Amino acid sequence: MSPLVAPSILSADFANLAAEIKRAEDGLADWLHVDVMDGHFVPNLTIGPPVVKSIRANTRLPLDVHLMIENPDRYLNDFAEAGSNHLIVHAEACVHLQRTLSQIHRLGMKSGVALNPATPPDCLSYVIDDLDIVLVMSVNPGFGGQRFIPAVVSKIETIRSMLDKAGRSDVLISVDGGINVESGRLVTAAGANVLIAGNSVYSAPNISAAIKALRDLSATTSSV
């Protein structure tokens with residue numbers, strides 16, 4: 001089946017965020033991806049729970065919230081109350097990763113682990129029963145508009161094999177960073193089934209056509 005497409009609002013016009021959300025909805029996006037950065041875990045500072053709450057009020061799309069922050073456990077309740085559907089944390093940012101993922105589930109959200117380009121996938125084997133999503137970063141996180149790192153393709157293959165062998169083929173693999181039709185084709189062939197796209201969607205002359213071009217790529221069958 002076709003991959004899910006999640007436009008990243010990091011590339012949207014924040015002065016017209018409600019209109020940008022509507023553009024994604026009208027373009028038949030599957031999710032909205034929301035990057036939260038604290039200026040410590042990554043060298044940038046973006047939004048927090050109040051903005052996520054505002055986004056929630058303007059869309060029915062699932063909110064895929066990516067916490068690029070230190071000690072994310074402090075804010076799990078806040079992002080749950082703001083209306084997040086998925087909460088993604090970085091393996092390196094959690095002292096007790098399994099506990100964090102369990103708490104995300106207890107708060108009624110789907111849980112995910114993000115892996116930076118140089119982070120090996122081995123850590124997933126210890127939390128594989130607590131996962132709904134694995135987010136593979138195909139750039140070093142912190143800024144939009146970076147170039148795709150091809151070395152992550154083999155990592156995606158490794159993760160897909162690991163999940164399948166563990167009987168967890170239901171776990172989604174999403175990829176974020178430099179995603180366009182060319183890189184999207186590579187990662188979906190490797191086993192990814194969610195494409196997070198910023199510039200290639202929001203900078204396109206026709207957002208519907210850009211989303212459709214990504215969705216038309218073949219991918220592994222998965223459920224939301």
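Which residue of β8 is the bridge partner of V175? It's L195, and to see where that pair sits, let's walk through the whole fold. Keep in mind that you're looking at a predicted model.

Start with the overall picture. The chain contains 8 helices and 8 strands. Its radius of gyration is 16 Å, close to the 17 Å that the globule rule gives for 224 residues, so the chain is as compact as a globular protein of that length. If you lay a box along the principal axes, the C-alpha trace spans about 45 × 35 × 30 Å. Buried residues account for 53% of the 224 residues. The accessible surface comes to about 9,700 Å², and carbon and sulfur atoms contribute 52% of that. The contacts reach across the sequence, too: take those between residues at least 6 apart, and 66% of them join residues at least 24 apart.

Now for the sheet. It's an open one with 8 strands and parallel pairing, in the order β1-β8-β7-β6-β5-β4-β3-β2. At the edges you'll find β1 (4-7) and β2 (32-37), each with a single partner strand, so one side of each has no neighbour in the sheet. Going from one strand to the next, the twist averages 25 degrees.

Let's step through part of that order, beginning at β5, residues 110-115. This strand runs parallel to β6 (residues 133-137), and 4 bridges join the two. Two of the partnerships are easy to pick out: V113 of the chain has V134 as its bridge partner in β6, while L115 has V136.

V113 is worth a pause. This valine belongs to strand β5, and with 0% relative accessibility it counts as buried, the cut-off being under 20%. What surrounds V113? Leaving out residues up to four places away in sequence, V113 touches I88, V89, A91, L97, L101, L124, L131, I133, V134 and L135. V89 is one to click on: although V89 and V113 are 24 residues apart along the chain, their C-alpha atoms are separated by 5.1 Å.

Next comes β6 itself. Here 5 of the 5 residues are buried, so the strand is largely enclosed by the rest of the structure. Both of its faces are covered, with I133, L135 and M137 buried on one side and V134 and V136 buried on the other. On to β7 (172-176), which pairs with β6 in the parallel sense over 5 bridges. In that pairing, I133 has L172 as its partner in β7, and L135 has S174.

β7 is mostly covered as well, with 5 of its 5 residues buried. L172, S174 and D176 lie on one face, I173 and V175 on the other, and all of these are buried. From β7, 3 bridges lead to β8 (residues 194-197), again in parallel. That brings us back to the opening pair, V175 and L195.

So much for the strands; what lies across them? Helix α4 (residues 97-106) lies across β4 (86-90) and β5, running at about 145 degrees to β5. Helix α5 (residues 152-165) lies across β5, β6 and β7, and it runs at about 165 degrees to β6.

You can check α5 with some helix arithmetic. At 1.5 Å a residue, its 14 residues should span 20 Å, and the end C-alpha atoms are indeed 20 Å apart, which agrees. Which of its residues are buried? They are V152, V153, K155, I156, I159, R160, M162 and L163; note that a lysine and an arginine are on that list. The cover over these residues includes β5, β6, β7 and α6 (181-190).

L163 gives a close-up of α5. At 1% relative accessibility, this leucine counts as buried. Setting aside residues up to four places away in sequence, L163 touches I128, R168, S169, V171 and I173. I173 is one of the β7 residues already listed as buried. L163 and S125 are 38 residues apart in sequence, with 8.7 Å between their C-alpha atoms. Just after α5, G167 takes a positive phi of about 75 degrees.

Key
Residues numbered from 1 in each chain as written. Predicted model: local features only at pLDDT ≥ 70, side-chain atom pairs only at ≥ 80, totals over all residues. Heavy atoms only, no water. Pairing = 2+ DSSP bridges. Axes fitted to C-alpha atoms, helices over the stretch in contact; angles between N-to-C directions. Contact = heavy atoms within 4.5 Å. Expected span 1.5 Å × (residues − 1). Buried < 20%, exposed > 50% of the residue type's maximum accessible area, 1.4 Å probe, protein only. Rg over C-alpha atoms; globule rule 2.2 N^0.38 Å. Areas by Shrake-Rupley, 256 points an atom, 1.4 Å probe, with all protein chains shown as cover.
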